[in-house]
Amino acid sequence: MASSSESSYHASVSGLTRRAGGSSNRTVPSPVRPDVDPPPRPRPGMQKLAVIAIVALGCLQLFLSPTHFRDPKDPHRSWIPIDPTRSAPISKYPTSDQQSSREANQEVEVPGIHIFSWTDCLNLPMLAVLTNSTLSSSRYPEDVFFHFFIPPEEDDKLSYYKLKVILPNSNLEIVGQKNIKERLELPNLEGVSLQTYLDEVAPLVVPKSHLSLSKYVYISPDTIIKGQIEELFGTDLGPYAIGAAEDCQKRLGEFLNIEVLNAIQRTAAKSWVSDKPYDKDACMLDFNVVLVDPRKFDDTFTEAVLWWTKVLDLESARGNHIRLAMALTLYEKYQKLPPSWKLETSITDEKKVIEFDGPRAECRHHRTEQQSSPNGDVWEQYLPSKSVAILTH
């Protein structure tokens, strides 16, 4: 006779069996339909055509050399042509390695329009007007670079930050005139004021050792540019290293005894002395805006300027004796720029360069041969009064 525990065990087993059997009668659910339709089948031959196109593009990458590239540091992502004569493309945004080796490798050229200016009397509003007037007239202001050399006693970093606050989108470099004599390899300057010599000669020769450039523009700091700098920069200098406008209101014979000058011309055997007699009616050069090709620059330029200063005792001559010596050194050895690029004291429609008509700084200014013009209002078009307050404090 079975015990009560065994009866309950069989009952539970039979109950489980019945439930399992009952579940088998339920309806089996249908498979889940995907929300996304399957992709359409490509037409016959399209896959083969795509493979052929990929292979063809790969062959172009292998056998055709690139002609342009984009610099990842360039915010404008503009296309830059590749020079086939160089081993690597040159960017106006150099890497740290390129920046450190730029002075060692003088063959690497920095693209863009580079403007240099030198002052022995720091006037930040004046430099701001020069910068803003040039950029306002330029067709491509993002390609214009400014390099300002300021006196060694001034704070170059503070000057840079002040100008960048006023002109945040400008390409600026502020350089102190420290140790500039060693970099320029100037001749012996005994008996000649070093600062006066530097103020006039250095602006033309500093860029040659500062950057590797095929062309640059020197602009006097107290200048307002009304013309397009691209037009000036694109001027062909021909065989000459210098391009400058002539100032025919000043003649060579007004500053020198032409008989003495021609006596030197007949007897002096120097490469910088003219092969023919000097013309007393020759126009003087305007050195306020000068286009320079350093590759054609004569290495004896600084020596020749010093030689003319001593031989003619130009320190006692009327006007700026260093610029007079520079004019003799460059006599008939320069490309004439259009008269519209000559500095004027008043604005006209055809003039592209006018003298800064704003307030002057209370210190010795490098332009000693000209009187400061009275204050005007042209400069205020390029520098609001609030900006003046920032730059002067």
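Trainee: Which residue forms a salt bridge with Arg-295, and how far apart are the closest N and O atoms?

Mentor: In this predicted model, the partner of Arg-295 is Asp-293, and their closest N and O atoms are 3.1 Å apart.

Trainee: Is Asp-293 buried or exposed?

Mentor: Asp-293 counts as buried at 3% relative accessibility, whereas Arg-295 is exposed, with a relative accessible area of 63%.

Trainee: And how many salt bridges does a search of the whole structure find?

Mentor: The search finds twelve, and one of them joins Glu-200 to Arg-323, with the closest N and O atoms 2.8 Å apart. That pair links distant parts of the chain, since Glu-200 sits in helix H7 (residues 194-210) and Arg-323 in helix H11, 123 residues apart.

Trainee: Are Glu-200 and Arg-323 buried or exposed?

Mentor: Glu-200 is buried, with a relative accessible area of 6%, and Arg-323 also counts as buried, at 9% relative accessibility.

Trainee: What about Lys-336, which residue does that one pair with?

Mentor: Lys-336 forms a salt bridge with Glu-246, where the closest N and O atoms are 3.8 Å apart. Because Lys-336 lies in strand S10 and Glu-246 in strand S8 (residues 242-251), the pair ties together parts that are 90 residues apart in sequence. Lys-336 is exposed, at 53% relative accessible area, while Glu-246 is partly exposed, at 21%.

Trainee: Switching to the sheet, what is the strand order?

Mentor: It is an open sheet of seven strands with mixed pairing, in the order S5-S4-S3-S6-S9-S8-S10. Its edge strands are S5 (171-176) and S10 (335-336), each of which pairs on one side only.

Trainee: In which sense do S3 and S4 pair?

Mentor: Strand S3 (residues 113-118) and strand S4 (residues 144-150) are parallel, pairing over six bridges, and Ser-117 stands opposite Phe-148 in S4.

Trainee: Which strands does helix H4 lie across?

Mentor: Helix H4 (residues 124-137) lies across S3, S4, S5 and strand S6 (216-219), and runs at about 165° to S4. Helix H5 (residues 156-166) lies across S4 and S5, running at about 160° to S5.

Trainee: Last one: at what angle do H10 and H11 pack?

Mentor: Helix H10 (residues 301-311) and helix H11 (residues 321-329) pack at about 115°, with their axes 8 Å apart, and the crossing is right-handed. By class, their contact has eight nonpolar, three polar and no charged residues; among those meeting there are Phe-301 and Trp-308 in H10, and Ile-322 and Met-326 in H11.

Key:
Residues numbered from 1 in each chain as written. Predicted model: local features only at pLDDT ≥ 70, side-chain atom pairs only at ≥ 80, totals over all residues. Heavy atoms only, no water. Pairing = 2+ DSSP bridges. Helix = DSSP H or I, 4+ residues; strand = E, 2+ residues; numbered from the N terminus. Contact = heavy atoms within 4.5 Å. Axes fitted to C-alpha atoms, helices over the stretch in contact; angles between N-to-C directions. Left-handed = near helix turned anticlockwise from the far one by under 90°. Nonpolar A, V, L, I, M, F, W, Y, C, P; charged D, E, K, R; others polar. Salt bridge = Lys/Arg side-chain N within 4 Å of Asp/Glu carboxyl O. Buried < 20%, exposed > 50% of the residue type's maximum accessible area, 1.4 Å probe, protein only.
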